[in-house]
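Subject: Structure for your review

Dear colleague,

Please find below the structure that I am handing over to you. I would be grateful if you could read the notes after it with the model open.

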Amino acid sequence: MKSPASASWKAPLKFRMPTAENLIPIRLDIEVDGQPYKDAFTWNPYDPDSEVVMFAKRTVKDLKLAPGFLPQIVQSIQSQLATFQSYEGQDMYVGDLIIPIKLDLQVNHTVIRDQFLWDLNNFDSDPEEFARTLCKDLGIEDPEVEPAIAFAIREQLYEIAIQNVTTARENRISKKGRRAAEHFTPRFLCCFLVIWSGIGGIFFLIRM
């Protein structure tokens, strides 16, 4: 399948998800007193911190988890949000605008293996809408498959966005190094070699 049509990026490019909604993928993998809890979902990084606490309380209550899960869930979500926020405002380098997205998922009894191209130049792209269309085309009725596909797409786009920030930072360092080299004027030392010739007692002065 093809991703939606593209719209042009405007320079300078600042870090963000290359999608219509700036939602980030959150993964929870927590164990308390031998009881595991795993989950994956997207989160609006601009929601107030109180939303994180409310979500954790609701999750612990609905799933009847031990009270010790509450601070662990809050800490994990806040840590991942802090990582995202640490990249905000930084420049992104964009090389290949069309990148491959790979799906290799098993949700309940449904296995999804697919690969398609995604346009990083398209800020109007919608992984959730793409997942809905894909499930409809494949006749998948399990309601848990669609969000799993959308999450997998967002997770890969997020990783690429972080890589693009790292690349931009490395390029800036490299350019600064080149500019410093261009402004450096080397000083050449002239060396002379004096050779004694036994013929006629003559000295030869040679510039090296």
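The notes below take up the aromatic pairs, the salt bridges and one strand pairing.

Please bear in mind throughout that this is a predicted model.

Aromatic pairs

Searching the whole structure gives 10 aromatic pairs. One of them joins Phe 116 and Trp 118, whose ring centres are 6.4 Å apart; the planes meet at 50°, so this pair is classed as tilted. An angle of 50° is neither under 30 degrees nor over 60, which is why the label is tilted. Phe 116 has a relative accessible area of 3% and is therefore buried. Trp 118 is likewise buried, with a relative accessibility of 0%.

Trp 118 also pairs with Phe 130: here the ring centres lie 5.3 Å apart and the planes stand at 75°, so the arrangement is edge-to-face. This second pair links distant parts of the chain, since Trp 118 belongs to strand E4 (residues 110-119) and Phe 130 to helix H3 (residues 127-138), with the two 12 residues apart. Phe 130 is buried as well, at a relative accessible area of 5%. Trp 118 thus takes part in a tilted pair with Phe 116 and in an edge-to-face pair with Phe 130.

Elsewhere, one aromatic cluster is formed by Phe 15, Phe 84, Tyr 87 and Tyr 158.

Salt bridges

Side chains of opposite charge can pair when their charged atoms come close. The structure contains 6 salt bridges, and three of them are described here.

Among these is the contact between the side chains of Asp 91 and Lys 14, with an N to O distance of 2.6 Å. Asp 91 sits in the loop between helix H2 (69-87) and strand E3 (98-107), while Lys 14 sits in the segment before strand E1 (24-32), so this salt bridge ties together parts 77 residues apart in sequence. Both partners are partly exposed: Asp 91 has a relative accessible area of 27%, and Lys 14 has a relative accessibility of 39%.

Which residues does Arg 132 join in a network of salt bridges? The network links Arg 132 with Glu 129 and Glu 146. Between Arg 132 and Glu 129, the N to O distance is 2.8 Å. These two residues both lie in helix H3, 3 residues apart, or about one turn of the helix. Arg 132 is partly exposed at 37% relative accessibility, and Glu 129 is partly exposed at 38%.

The salt bridge from Arg 132 to Glu 146 has its closest N and O atoms 3.6 Å apart. Because Arg 132 is in helix H3 and Glu 146 is in helix H4 (residues 145-182), this contact ties together parts that are 14 residues apart in sequence. Glu 146 is partly exposed, with a relative accessibility of 26%.

Strand pairing

Strands E1 and E2 (residues 35-43) pair in the antiparallel sense, over 9 bridges. Within this pairing, Glu 31 stands opposite Pro 36 in E2. The two strands form a hairpin with 2 residues between them, and Asp 33 in the turn has a positive phi of about 55°.

Yours sincerely

Methods:
Residues numbered from 1 in each chain as written. Predicted model: local features only at pLDDT ≥ 70, side-chain atom pairs only at ≥ 80, totals over all residues. Heavy atoms only, no water. Phe/Tyr/Trp six-rings, centres within 6.5 Å; stacked < 30°, edge-to-face > 60°. Buried < 20%, exposed > 50% of the residue type's maximum accessible area, 1.4 Å probe, protein only. Helix = DSSP H or I, 4+ residues; strand = E, 2+ residues; numbered from the N terminus. Salt bridge = Lys/Arg side-chain N within 4 Å of Asp/Glu carboxyl O. Pairing = 2+ DSSP bridges.
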